[in-house]
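This briefing looks at cysteine pairing and at charged side-chain contacts. Please keep the sequence and the model in view while reading.

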Amino acid sequence: MKEFWSGRIREMTPYVPGEQPRGQTFIKLNTNECPYPPSPRALEAVRAAAGDSLRLYPDPECLELRQTIARRYRLSENQVFMGNGSDEVLAFAFQAFFDPEREIVFPRVSYSFYPVYARYFGLRYRQVPMKDDLSVDLDAMMGDNGGVVIPNPNAPTGMALPLERIEALLRANPEAVVIVDEAYVDFGADSAVPLIRDYPNLLVVQTASKSRALAGLRVGWALGSSNLIDGLRCVRDCINSYTVDRVAAAGLKGAMEDEGYFQSVRGRVMATRDRTSQRLAELGFSVLPSRANFLFVSRPGVSGAALQAGLRERGILVRRWDDPLIADWLRITVGTDGDMDALLAALAELTA
Ligand SMILES: *Cc1c(COP(=O)(O)O)cnc(C)c1O
């Protein structure tokens, strides 16, 4: 029953987020959240923001926060745009920079929100086949298109592209905007931010949800030429001027000012990832080389659905997709060392 729905919405198949279990306690390795708490400075800032000033609207331009982020990335504040999670920033970017007449491209195996946005905004799109090793075929994205979107590192494979390749893509597509979604870049990939100076068509999108342990605050941002940033502001101010609330802006500012905590969290996650990856290989799993806070793994001869169900019975949630190319692969978030020991024990049992 879709009575009263607009024709456009009746036709939509929305994105399905990873499960957030209620009640039952799982080891939650299905949505790439950080296993460690946010920086104490972020929490202190959140508490300080939760006061009388909440009766006032927030600064729609998030000026102080943009200044903090601009300093962190050696940019100017007019090269920073803030949004309510990077999902919102991506949605604004699809509307700001892509036209229905020109096909946009993204990898076949990548963030499943991209095709949803493209359909929702009435854009034509092409999903570029992966190379045999499941890496992104950048050569197939160069040249005539209306825009490119790539996560780097890619999701859900975790594999990263070197900066020279991203630069080659920017050079080959000077007429179109290239969005590099860096949701996972802090876990060991090279950021494209230094290329912003030379490429006015580059938009880098980042988030506080993964490496900053603030998925619950919903903050993300875009970095790019001031012209692209103005395009995003234009879309925002046609929809909702106050997307980042006072508490979220304060919390992220606190987190950004705690570089030491950030470095220690990402270091711990990467160390646990590399140790887990090695143990999984010893158990006979194929493990893609990950530069993210998750591992993409399969076990020849065992179906992905069976592994996922077996883990669930043992209290562990992981993510899987039905695309036949990757249906036997699991995306496993890197948790604490204890979480990973439980995962390894469960997988050893399931594949014995
Ligand atoms: C998690 C994720 C995002 C969204 O992050 P939010 O800032 O929480 O909206 C964007 N892109 C990719 C590839 C992601 O995995």
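A residue counts as buried when its relative accessible area is under 20%, as exposed when that area is over 50%, and as partly exposed in between, using a 1.4 Å probe and protein chains only. The model is predicted, so to speak of local features a pLDDT of at least 70 is needed, and side-chain atom pairs count only at pLDDT 80 or more, while totals for chains, interfaces and linings use all residues. Residues are numbered from 1 along each chain as its sequence is written, and side-chain values use heavy atoms, with hydrogens and water left out.

**Cysteines**

- With a disulfide taken as a pair of cysteine sulfur atoms within 2.5 Å, a search of the whole structure finds zero disulfides.
- Cysteine 234 is in no disulfide, and its nearest cysteine sulfur, which belongs to cysteine 238, lies 4.5 Å away.
- Cysteine 238 is likewise in no disulfide, the sulfur of cysteine 234 being the nearest at 4.5 Å.
- Cysteine 238 counts as exposed, because its relative accessibility is 63%.

**A salt bridge within one helix**

- A salt bridge is defined here as a side-chain nitrogen of Lys or Arg within 4 Å of a carboxyl oxygen of Asp or Glu, and by this rule the count comes to 23 salt bridges.
- One of them joins glutamate 167 to arginine 171, with the closest N and O atoms 3.6 Å apart.
- Both residues lie in helix 6 (residues 163-172), four residues apart, which is about one turn of the helix; helices (H or I, at least four residues) and strands (E, at least two) are DSSP runs numbered from the N terminus.
- Glutamate 167 is partly exposed because its relative accessibility is 23%, whereas arginine 171, at 53%, counts as exposed.

**A salt bridge between distant parts of the chain**

- The side chains of arginine 314 and glutamate 349 form a salt bridge, at 2.8 Å from N to O.
- This pair links distant parts of the chain, 35 residues apart: arginine 314 is in the loop between helix 10 (304-313) and strand 11 (316-317), and glutamate 349 is in helix 11 (residues 337-350).
- Arginine 314 is partly exposed at 35% relative accessibility, while glutamate 349 is exposed, with a relative accessible area of 52%.

**A salt-bridge network**

- Glu61, Asp230, Arg233, Arg236 and Asp237 are joined into one network by salt bridges that share partners.
- Within this network, aspartate 237 forms a salt bridge with arginine 236, the closest N and O atoms being 3.0 Å apart.
- Arginine 236 is buried because its relative accessible area is 3%, whereas aspartate 237 is partly exposed, at 40%.
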